[in-house]
Amino acid sequence: MSEMLNTLEQTALSEYKYGWVTDIEADEAPPGLNEDIVRFISAKKNEPEWMLEWRLKAYRHWLKMSEPEWANVKYPKVDYNAIKYYSAPKQKKTLNSLDEVDPELRATFEKLGISLDEQKRLSNVAVDAVIDSVSIATTFKKELAELGIIFCSMSEAVQEHPELIKKWLGSVVPMTDNYFSALNSAVFSDGSFCYIPKGVKSPMELSTYFRINAENTGQFERTLIVAEEGSFVSYLEGCTAPMRDENQLHAAVVEIVALDNAEVKYSTVQNWYPGDKEGKGGIYNFVTKRGICAGVNSKISWTQVETGSAVTWKYPSVILKGDNSQGEFYSVAVTNNHQQADTGTKMMHIGKNTRSRIVSKGISAGFSQNSYRGLVQVGKNAVNARNFSQCDSLLLGDKCGAHTFPYIEVKNSTAQVEHEATTSKIGEDQIFYCNQRGLDTETAVALIINGFAKEVMNQLPMEFAVEAQKLLAISLEGSVG
Amino acid sequence: MSELKELIQNKLSKESFSGNGSLKALSQKGLELFNEQGIPTVKHEEWKYTRISAALNKNFSYAEGATAITAKEVEEFRLPGYEAANELVFVNGIYHAELSNIRSSADELVILPLSEAVKGEYKSIVDSNLGHSAGYHKDGINALNNAFAYQGLFISVKKNKSVEHPLYCYYINDARTVNVLSQPRTLIHVAANAEVKVVEEEVTIGTSDSFINKISEIVVEDNAQVHLYKIQNEDSHSSCVKTTHVRQIGVSKVNSVTITLNGGVIRNNLNFILEAPGCESNMYGLYCVKGSTHVDNHTIVDNKMPNSLSNELYKGIIDENATAVFNGKIFVRKDAQKTNAYQSNKNILLSDTATVNTKPQLEIFADDVKCSHGCTIGRLDDEALFYLQSRGIGDKAAKALLLHAFAIEILEKIELEPIRQYVDQIISERLDFEI
Amino acid sequence: MLSIKNLQARIEEKEILKGINLDIKPGEVHAIMGPNGSGKSTLASVLAGRADYEVTAGSVEFLGKDLLELSPEDRAREGVFLAFQYPIEMPGVSTTNFVKTAVNEIRKYRGEEPMDAVAFLKLMKERMKLVNIDQALLSRSLNEGFSGGEKKRNEIFQMAMLEPKLAILDETDSGLDIDALRIVAEGVNKLKSKDNATLVITHYQRLLDYIVPDYVHILYKGRIVKTGGKELALELEEKGYDFIKEELGEEVESPL
């Protein structure tokens with residue numbers, strides 16, 4: 001047992017390997033938030049008037065709101081006036097090709113394992129690379145355009161596809177939805193836009209890679225995915241940040257629209273800097289992610305592997321409006337040291353014969369607190385709605401906590417809702433059994449944890465499953481027994 | 001709300017309670033907190049699904065002399081098996097010895113007003129236990145009862161005594177002439193090696209509105225056994241908040257069965273605080289509701305020491321416009337290693353206008369534990385229905401049979417035969433099931 | 001190969017092994033029999049290195065090494081295999097992946113290269129036949145939802161894959177019907193060679209019809225009280241454990 005705890009503790013001491021800073025000159029807004037800053041951001045991006053008006057409306061609404069306090073997380077109040085809301089690496093205004101990306105930036109992404117070089121491309125993955133507030137490069141644009149797929153930065157989309165942005169931006173997560181979404185609507189600086197036309201199945205994974213680099217900045221990106229009738233896309237998001245002593249805010253909004261018979265699969269590997277082992281620094285990850293199955297037979301599936309961030313507040317949700325639509329949420333959330341995570345999902349059944357499935361695996365180690373919070377709602381007209389939820393928690397050590405807060409609201413007698421949750425630890429008998437087969441304790445623990453998380457890992461696109469598995473092991477390194 | 005506050009203020013200012021010490025302090029603190037917090041609204045996380053403000057906004061009156069319940073009137077609602085029971089009668093929240101019938105001898109069972117108990121040999125028990133529930137319910141409704149704690153009753157089951165006669169407690173609101181808000185309060189002390197069964201029933205006489213805001217705190221010592229049974233079968237104009245707060249301070253076993261059949265807005269808070277290693281707690285509930293009844297079972301199991309076992313099973317059959325809420329919370333504190341805690345909530349909705357909100361929660365701070373919770377909401381099993389039909393049982397009878405079978409699992413936990421039969425009878429009639 | 005001298009062990013405050021002496025040579029099959037609570041499973045656990053037990057005296061030498069000094073995984077890597085009485089379930093960990101990890105960990109210990117996927121699959125296919133185990137079972141989570149027979153067969157399959165020098169079968173017959181018992185025993189017999197040894201721990205004689213021992217030891221109250229050939233098992237079966245008590249001059253409870 002003590003050996004097991006030792007191994008656990010050692011793992012907890014392992015270092016965050018993405019903690020370096022790139023030395024690049026940045027074009028920044030002064031810290032603070034007011035209408036001028038909103039105008040500044042909009043002007044920087046050369047936005048049309050309607051976009052500025054939208055932002056200002058959100059900002060004015062945000063001023064009237066207060067920060068939510070119901071989540072099971074504790075952190076010092078964020079000083080919204082100490083944050084820089086815009087920071088862009090300085091580079092030539094327009095890039096004619098990817099070759100023109102600043103070598104420093106290119107190196108940054110290479111170091112993160114993201115190749116912007118299409119010759120050395122990740123097999124079959126198109127990447128939009130976002131650093132601090134702006135998108136640096138998007139790969140494979142041409143190939144995708146041939147199929148009619150639009151995959152570009154949000155700034156570009158506002159310029160090039162205003163009619164689509166006007167129609168869909170804020171349609172799933174209204175600017176007034178919550179405190180952080182209102183803030184994001186006011187100051188979002190970039191993000192990815194993805195549009196899959198009718199009947200098109202995207203031949204490659206689309207992916208956005210987010211990197212916070214500058215100091216005292218917040219990152220407020222906005223992602224919008226629209227899948228037209230009968231289309232399919234698999235989308236992946238990854239994120240890292242340098243190690244810094246102060247906390248940095250990340251308040252993103254992701255919106256997904258799936259029309260008739262469309263399917264969107266959204267995977268996240270979230271590895272923002274979690275703070276050091278004393279709980280100093282790290283990212284506040286306050287994110288609103290929501291999809292709407294607007295059409296019949298549509299499907300939205302969220303998969304997330306959450307290992308980073310000091311504090312996470314995040315509930316990727318699905319509104320099941322279309323008849324026969326399906327929502328899925330697969331999550332592995334690992335917390336170690338002093339990390340806190342309050343994450344889960346909302347499945348709102350509105351249409352008939354709607355189905356949802358929730359699989360959440362929480363792993364807590366060190367002094368961390370890991371909460372699952374989920375809502376399953378079956379409305380009056382959601383005839384034959386089905387939900388199955390499974391929430392398992394694994395505790396490594398006796399200084400951490402695991403919490404499960406499912407909310408289930410049912411107003412239809414034909415609904416079938418099932419929720420199961422368990423909490424357990426790695427059994428000494430399991431470890432001994434592995435030892436007896438020649439496995440040392442650390443290997444045994446890694447094996448058992450991967451087994452615990454397997455159902456979720458299986459949902460990840462192949463290219464990222466291996467990476468995610470490694471990440472899981474690294475996040476818990478030295479914490480298991 | 002201001003009207004209610006005024007009413008309470010007036011009532012309390014008229015009382016000549018001259019006690020001192022913990023009781024007075026609790027009453028005063030209760031009033032202060034109530035004035036500050038008022039009645040909890042749905043914005044309060046623990047009251048998210050239950051709105052009690054309407055049931056409390058009823059122009060209640062404390063008209064003096066309006067109540068004169070006779071022994072004959074008590075006859076009307078005695079529960080089966082009363083012949084062998086200790087019967088405790090509370091009218092509008094206050095214990096009435098002359099209407100009660102105590103069969104156990106004083107060396108087994110001691111019944112005293114709290115205002116006396118707080119002075120004598122039970123002082124330390126009262127001091128250390130009365131108001132303990134306030135730590136778990138930091139809201140105005142708990143505070144409101146605390147303000148009236150000086151009216152409360154103290155019950156002690158003596159060491160090594162197994163009380164043969166169960167305690168039947170009737171909480172009567174006399175709403176024949178005015179709307180009544182009552183605040184019954186009891187502190188039950190079960191000493192080491194003792195055993196007792198307690199049955200509680202609320203009764204409203206008359207057709208005016210009635211609200212019972214009750215707190216019962218129970219402290220259980222080493223090797224003691226307690227059985228708690230609640231039967232709730234009132235009219236729609238009767239609402240209540242009932243808090244039962246059990247502290248298991250010794251290695252002990254406590255079983256609770258809560259049966260809800262009818263009423264207006266019913267909120268049951270049931271807390272088990274497991275403060276000794278190796279405790280066992282079983283919490284069972286059955287709500288079989290229709291009409292516009294709203295029932296909310298809020299349970300807390302707080303495991304503080306190692307090796308305890310808690311088992312919780314609540315089942316519901318919800319029909320017509322009824323709403324059921326289940327909110328179960330299991331805490332496993334840092335020192336409570338080797339805890340086994342199970343929680344299950346199963347619901348069957350019979351109508352499209354019925355609603356279920358359920359929120360089973362786990363908060364775990366120890367790693368060597370086995371905890372699970374589960375909940376289901378659904379219909380009767382089609383397979384089972386078909387099986388019965390294929391054996392020639394009609395649709396209606398088959399449904400009744402299955403629903404009764406669903407309910408029986410809870411009814412079987414009642415270890416007082418006359419009470420079990422009585423409840424089974426009502427449930428069977430409700431479900432059209434022939435025993 | 002294995003030499004146990006005056007082995008004493010306890011769990012918490014309870015003395016269970018009170019001085020075991022036992023020598024096992026390559027190629028031999030030993031059986032340890034004894035009534036419930038005699039310390040049979042404790043002996044198996046102590047040899048495999050389960051932490052719950054404290055060795056208070058004695059020594060165990062295995063292939064020239066002090067076995068008691070080794071961690072459980074190093075004992076396994078040296079060639080000690082314990083077939084568990086109650087194999088552990090591991091949700092989400094496929095048997096294949098588990099065994100592959102074990103095989104390669106042991107190879108690493110011996111300074112050998114890890115086995116590649118192709119070679120591993122080939123070996124697995126071959127060994128599967130030996131114990132008559134189904135491929136489908138091996139792709140499922142380790143022991144999860146397995147029947148009693150499947151679990152025991154899986155243990156023998158792992159034994160076949162890991163090729164131990166000393167296999168300890170802890171009550172491998174418990175919970176098996178006669179067909180399953182035969183399959184398991186056949187597997188064990190096929191794995192037998194002149195270089196390895198087997199220690200069978202059992203309560204009943206019937207397993208020994210299939211795995212024929214060279215020596216039978218009777219364990220009683222933490223000591224080996226009698227050693228003989230395979231016929232000792234039959235005698236025990238016939239007379240019951242009371243005959244041991246009689247031989248030791250203990251009082252036997254009268255059936256009346």
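**Contacts and salt bridges**

Biologist: How many residue pairs are in polar contact across the interface of chain B and chain A?
Modeller: The rule finds 14 residue pairs there, both residues at pLDDT 80 or more. A polar contact is a pair of N or O atoms within 3.5 Å; within protein, one must be able to donate a hydrogen and the other to accept it, and residues adjacent in sequence count only if both atoms are side-chain atoms. This is a predicted model, where local features need pLDDT of at least 70 and side-chain atom pairs count only at pLDDT 80 or more, while totals for chains, interfaces and linings use all residues. Residues are numbered from 1 along each chain as its sequence is written, chains are lettered from A and ligands numbered from 1 in the order in which they are written, and side-chain values use heavy atoms, leaving out hydrogens and water.

Biologist: Which element gives the largest share of chain B's side?
Modeller: That's β19(B), with 10 residues. Strands are DSSP runs of E, at least two residues, and helices are runs of H or I, at least four, numbered from the N terminus.

Biologist: And what does β19(B) pair with in chain A?
Modeller: Strand β23 of chain A (residues 401-410) runs antiparallel to β19(B), with six bridges joining them. Two strands pair if DSSP finds at least two bridges between them. Within this pairing, A:Glu409 stands opposite B:Asn357.

Biologist: How many salt bridges cross that interface?
Modeller: Just one is found by the rule. B:Asp368 and A:Lys425 meet through their side chains at 3.7 Å, N to O. A salt bridge needs a side-chain nitrogen of Lys or Arg within 4 Å of a carboxyl oxygen of Asp or Glu.

Biologist: How many are there over all chains?
Modeller: The structure holds 54. One of them joins B:Asp296 to B:Arg267, with the closest N and O atoms 2.9 Å apart. B:Asp296 lies in β15 (residues 294-303) and B:Arg267 in β13 (residues 265-274) of chain B, so the pair ties together parts 29 residues apart in sequence.

Biologist: Is B:Asp296 buried or exposed?
Modeller: Buried, at 1% relative accessibility. Buried means under 20% relative accessible area, exposed over 50%, and partly exposed in between (1.4 Å probe, protein chains only). B:Arg267 is buried too, at 1%.

Biologist: Switching to chain C, what does C:Arg77 meet in a salt bridge?
Modeller: C:Glu105, at 3.1 Å, N to O. C:Arg77 is in helix α2 (residues 72-78) and C:Glu105 in helix α3 (residues 95-109), 28 residues apart. C:Arg77 is buried at 11%, and C:Glu105 is buried at 9%.

Biologist: Which residues make up the network around them?
Modeller: Salt bridges link A:Asp440, C:Asp74, C:Arg77, C:Glu105 and C:Lys108.
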